[in-house]
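Me: I have a model open at the bench and would like a close look at one part of it. Could you walk me through that part?

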Amino acid sequence: MVKGSGLRYRTYAPILPPPRCPRTGGTVLVTPPMVPIELLAGGALGAAGLLLILLRGGHTVHRTGGAIAALGGLAILAGGAGLGAPTAGESGFSFPLLVALLAGVMSAAGAVRVISSPRPVLAAIFFVLVVVAGCMLYLTLGAEFLAFALVIVYAGAILITYMFVLMLAQQASGDSKSGAAEYDRNARDPIAAVFVGLVLFLSIATIMWKAVDSFDPATTGQIQRARAWIALGELPKGLREAVESVEPGATPEAGTLHVSAGEVSLQVTKADGSRGSVTLPESSLPHNTQTVGVALVKQFPVSLELAGVILLMAMLGAVVLARRQIEIGDAQKAELHARSHGGAA
Amino acid sequence: MTLSPITSMLPGTMLASSDVPAATIAPEFAWLGWALALPAISALACTLMALCKVKGKLPGWLTVASLGTCFVLILKAYQSMPEGPIVVPLAEWMSFSWGPSDFHSLQAALELYIDRLTIFWMLFVSGLGTLIALYATEYMEHDVKAGYARFFAGVSIFLFAMTALVMGGNLLLLYLGWEGVGLASYMLIGYFFTRPSAVAAAKKAFIVNRIGDLGLALGIFLTWRCYGTIEYSELFQIAGNPPRDGPWEEALIPYLLMLGAFGKSAQGPLYVWLPDAMEGPTPVSALIHAATMVTAGVFLIARCYPLFLLQPDALTVVAWIGGLTAFWAATIGMAQYDMKRVWAYSTISQLGYMFLGLGLGTTFGACFHTFTHAFFKACLFLTAGAVMHGFAGQLDIRKLSGLSKIPGFRMVSWFALLGALWLAAFPFSAAFFSKDEILSAGVGSDRADFQFLGWLGLFTAGLTAYYTFRVWFRAFAGPVHFEPGEEVHAHGEFHPHSPRWAMKLSIAIIGIGAVLAGYPAYEAMFLHKENWVQWMMAGSTAVGGAGVVEQAADHAAEASSGHQVLGMSAHAATSVAGSIFGIGGILIALYLHLIRRSAADSLRRAIQATPLIGWIPGAAENKWYVDEIYNAVFCVPLWVTGHVLHFIDKHILDAGVVDGIGSSPSLVGRVFRPLYGGVLQSYAVTMAGGVGLILAWLAYTWLRGGF
Amino acid sequence: MSALTADAALIRLALVIAALLFSIGIAGFLSRRNMIVMFLCTELMFQGAALALIAFGKMHGDLSGQVFTIFILTVAAAEAALALGLVILLYRRRETLNSEVWSELKE
């Protein structure tokens with residue numbers, strides 16, 4: 001703390017260490033903005049664009065201007081998140097990052113279209129786009145199993161259900177020239193909605209943005225693949241085969257798996273009974289699907305059971321709700337009665 | 001007998017404050033409690049009858065019976081009374097104690113303090129009460145179906161309260177009776193409550209009495225603070241001891257008590273309610289507003305005389321107020337046309353004499369005058385009531401003439417003449433002696449101011465004689481002529497209906513009583529016995545405990561050593577001067593109002609034509625505009641203040657603050673109501689917005705390094 | 001500001017997109033009046049949550065994120081089934097998908 005200066009020094013949590021002056025190493029008395037400038041600018045621009053799109057659903061000028069603004073905001077956000085920060089070491093740019101940028105923009109733009117499209121069918125189709133873009137993001141994050149599960153469950157099942165319901169309900173209310181109902185063309189209270197969305201976005205995104213600052217590269221990578229096995233105390237079949245191919249007759253010891261950059265090492269008991277270490281290539285580790293499956297069954301069995309129960313209850317509920325409930329008035333009763341009697345006669 | 005420097009300054013009887021004999025406790029006199037209970041029972045019974053709408057004269061006779069029994073009880077007490085004062089405990093009442101000393105306790109038992117003063121007062125209160133109630137049984141008969149029972153309930157309440165006032169053993173009981181007679185007075189003045197003037201008069205009496213009662217209450221509080229007791233039996237023993245509070249508080253006590261007395265007895269600036277109180281039925285005027293209740297102030301000062309003796313300046317104030325009120329009221333009485341009003345002003349005037357007597361130190365004179373006045377004034381009011389009863393409410397002396405020549409009104413007229421002579425202090429009437437007793441104390445005083453008051457009183461006696469006989473000569477003498485009043489019920493020619501036996505009997509007994517009231521004086525004058533009234537004062541608080549012999553000795557000493565006035569002793573001089581003034585007034589009245597009535601009118605016109613004094617007759621007729629001045633000085637500012645405060649209350653406090661606070665929830669609600677339109681999404685907006693704000697706050701706190 | 005690796009940039013991008021999806025979902029839920037589209041918007045919010053879970057799982061090298069995403073998928077499917085059943089029910093009552101005709105919650 002510098003005494004006598006008019007500026008106040010602010011204490012920071014461990015998450016945000018006080019900024020150091022690069023030249024002297026002393027404490028800098030200028031506080032960085034609370035919300036990252038990229039989030040603020042991109043969020044505000046995107047919100048303005050979204051508002052323009054929502055305010056006058058049918059107007060071309062508004063829609064165009066809004067789309068441009070929203071895309072600009074999106075670009076700022078995506079660029080700021082993926083590229084804006086200086087990268088350490090080798091290259092700050094990689095192929096997965098490019099894919100992720102593309103997928104992210106696609107996903108967000110699709111989401112905007114979902115909520116702004118006057119026709120529910122189009123909204124549902126744009127939702128498929130969001131799901132597919134999400135799938136690409138999952139892939140870049142190394143969650144292959146979930147990526148495909150997402151496409152199968154959402155695009156294959158949920159969205160189809162939506163389509164059916166739309167067809168069931170829309171046939172009566174689909175009116176007039178544009179083919180969209182009045183309540184679909186006009187948004188309700190868009191200013192409040194967008195404002196609430198912006199507040200939520202800035203809060204959530206700021207927390208997340210700052211959380212990444214504490215990212216430790218050592219914890220990521222292949223460790224997550226191995227962690228389930230480490231916890232399991234048991235080694236997958238592929239790993240055992242790999243050990244066999246390197247050191248025939250050796251028995252790997254569970255719980256000794258160690259993953260470091262590009263390499264996997266573990267303790268084994270050799271055929272002659274002596275103990276030693278075996279180093280394996282990274283590719284010999286199990287794949288994401290395997291690890292997720294094992295984690296699901298071995299580590300989180302209750303959540304699996306719960307998911308099953310929830311699905312069962314949802315099925316029952318859907319059956320009960322969707323059953324047609326007919327209310328028959330007195331006149332209709334008499335008519336039915338007469339009809340049945342007439343049929344008999 | 002010790003002569004303190006203070007008391008030696010006083011003319012008349014020389015007193016020492018500490019000489020009031022100690023009271024003995026006499027439970028065997030508990031039967032006197034019936035004097036208190038009987039009127040109370042009668043009041044309750046009459047109230048019940050009023051509620052049950054009893055028709056007939058039962059309430060009246062019940063009241064007469066209970067009051068008569070009460071009078072008999074008092075007579076019995078008079079016969080069997082011991083020498084000194086006695087305290088008759090009846091029941092526990094107030095008893096508080098919160099510490100060791102006298103100043104940490106308040107004792108006020110339901111008990112009677114009986115000394116000769118008490119008996120003296122109760123004799124004429126209960127006696128006159130009985131007679132006037134008897135009179136009222138006939139007088140009020142036109143009201144039998146409506147308010148008869150209510151009237152007698154009021155009379156009974158009055159007698160109960162008056163008994164508590166006079167016989168009560170402590171200042172708290174006195175206060176209870178004081179407020180009780182005020183309440184009865186209020187109820188009976190406003191008896192004809194459908195008449196706005198009666199309602200206004202009742203309110204006026206009640207409100208003006210508030211001022212006096214406040215003084216009395218404060219006086220009682222201060223008495224307790226200074227002496228630690230309000231029981232007479234203790235108070236008069238320790239009065240004069242150094243008080244607990246400073247001299248200033250002690251000196252204030254008599255002034256505050258005096259204020260109470262002035263309110264109740266219509267003295268000084270507080271007299272204005274009494275003339276208006278004539279709106280009540282005439283028996284009420286006779287009983288309450290002439291004979292008994294208005295003398296409560298005299299009784300209060302006589303009872304608390306030891307406290308007054310400690311402050312001679314207070315007695316001087318009493319004398320001045322009394323003397324000036326006597327003169328002032330007499331001047332107004334000279335110009336009134338309503339018979340009852342004239343008697344009302346004469347009551348104020350005569351009460352002024354009594355206070356003058358108290359202030360001059362001759363409590364004997366004051367009480368004597370109270371006694372004689374009670375009879376002759378009741379007699380005058382009852383005859384006025386008979387006239388009013390007979391002529392359908394007519395009391396204007398310009399519209400009545402020669403009543404003594406109308407059959408059925410002869411007796412009334414002659415008793416009215418008797419009352420008028422007594423009021424005019426005609427030589428050798430009872431009032432002549434009692435008034436003489438007061439005035440000689442002033443005229444024969446060492447002090448110039450008291451001498452002035454004495455001569456003023458003598459002059460006032462002349463005025464009194466004039467206005468009294470103005471009424472009598474106008475209304476009862478001269479050619480027969482009358483106009484009925486407004487209360488004519490029957491159609492056709494008006495016939496005055498003369499009073500029957502009950503009214504006549506009451507008037508006769510009271511008239512004879514007025515004559516006999518002078519007997520003690522005749523006895524003292526011709527038989528050289530002690531004056532009975534003086535004997536009744538002896539040993540009581542009114543004379544500070546001095547006995548008859550001491551009083552007489554003081555009298556003699558004063559008579560011999562006092563000033564020679566006009567070459568005679570003060571007594572003789574006063575008698576002569578008083579006779580001259582009285583007879584002179586009567587003669588003037590005789591000339592102006594009987595022999596040549598036109599001379600009165602021409603005299604009035606002549607005065608009005610004179611530049612400097614031309615305003616006097618009109619102003620006197622309008623009571624010197626006192627009511628108007630009070631209205632302008634007190635009522636109008638209060639009225640304006642009240643309306644301003646009402647405006648503030650209604651439009652600023654009520655409309656602004658209270659209603660503002662009350663309507664604020666609905667205003668706030670109007671702000672938030674659109675959020676609750678029933679549409680799910682509007683609730684969702686609120687909820688999501690709230691969640692967003694909470695999240696933003698959490699993020700902010702977390703990033704600042706909170707938690 | 002600490003330097004970022006390529007992985008960190010990726011995770012941050014995914015997190016921002018997740019927040020974006022969630023917020024757009026909220027905005028849509030609040031502004032659209034078609035009940036079916038409103039539920040579509042809740043699906044958008046699910047997408048955002050799931051993406052955030054996966055990104056954090058990657059960041060911390062932990063599988064529970066992915067497991068929980070599976071759970072979310074299940075809940076989303078159940079929710080879709082129930083919600084759509086409800087929508088059908090409501091539609092039968094009023095012959096419209098407009099959510100504003102349901103205002104019985106009015107005070």
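Over which residues of chain A does pLDDT stay under 50, and how many contacts beyond four places in sequence does the model have for them?

Reply: Happy to help! This is a predicted model, in which local features need pLDDT of at least 70 and side-chain atom pairs count only at pLDDT 80 or more, while totals for chains, interfaces and linings use all residues. Residues are numbered from 1 along each chain as its sequence is written, chains are lettered from A and ligands numbered from 1 in the order in which they are written, and side-chain values use heavy atoms, leaving out hydrogens and water.

The stretch you are after is residues 1-17 of chain A, where pLDDT (the predictor's confidence in each residue, from 0 to 100) stays under 50. For these residues the model has 23 contacts (heavy atoms within 4.5 Å) beyond four places in sequence. Residues 86-91 of chain A also have a pLDDT below 50, with seven contacts beyond near neighbours in sequence. Where pLDDT is low, the predicted coordinates should not be read in detail.

For context, chain A averages a pLDDT of 76, and 73% of its residues score at least 70. Among its helices (DSSP runs of H or I, at least four residues, numbered from the N terminus), α4 (residues 120-140) of chain A has the highest confidence, at 92. Confidence in chain A is lowest in helix α8 (residues 223-232), at a mean of 56.

Chain A also meets a partner: 17 of its residues are in contact with 17 residues of chain B.

Notes. Helix = DSSP H or I, 4+ residues; strand = E, 2+ residues; numbered from the N terminus.
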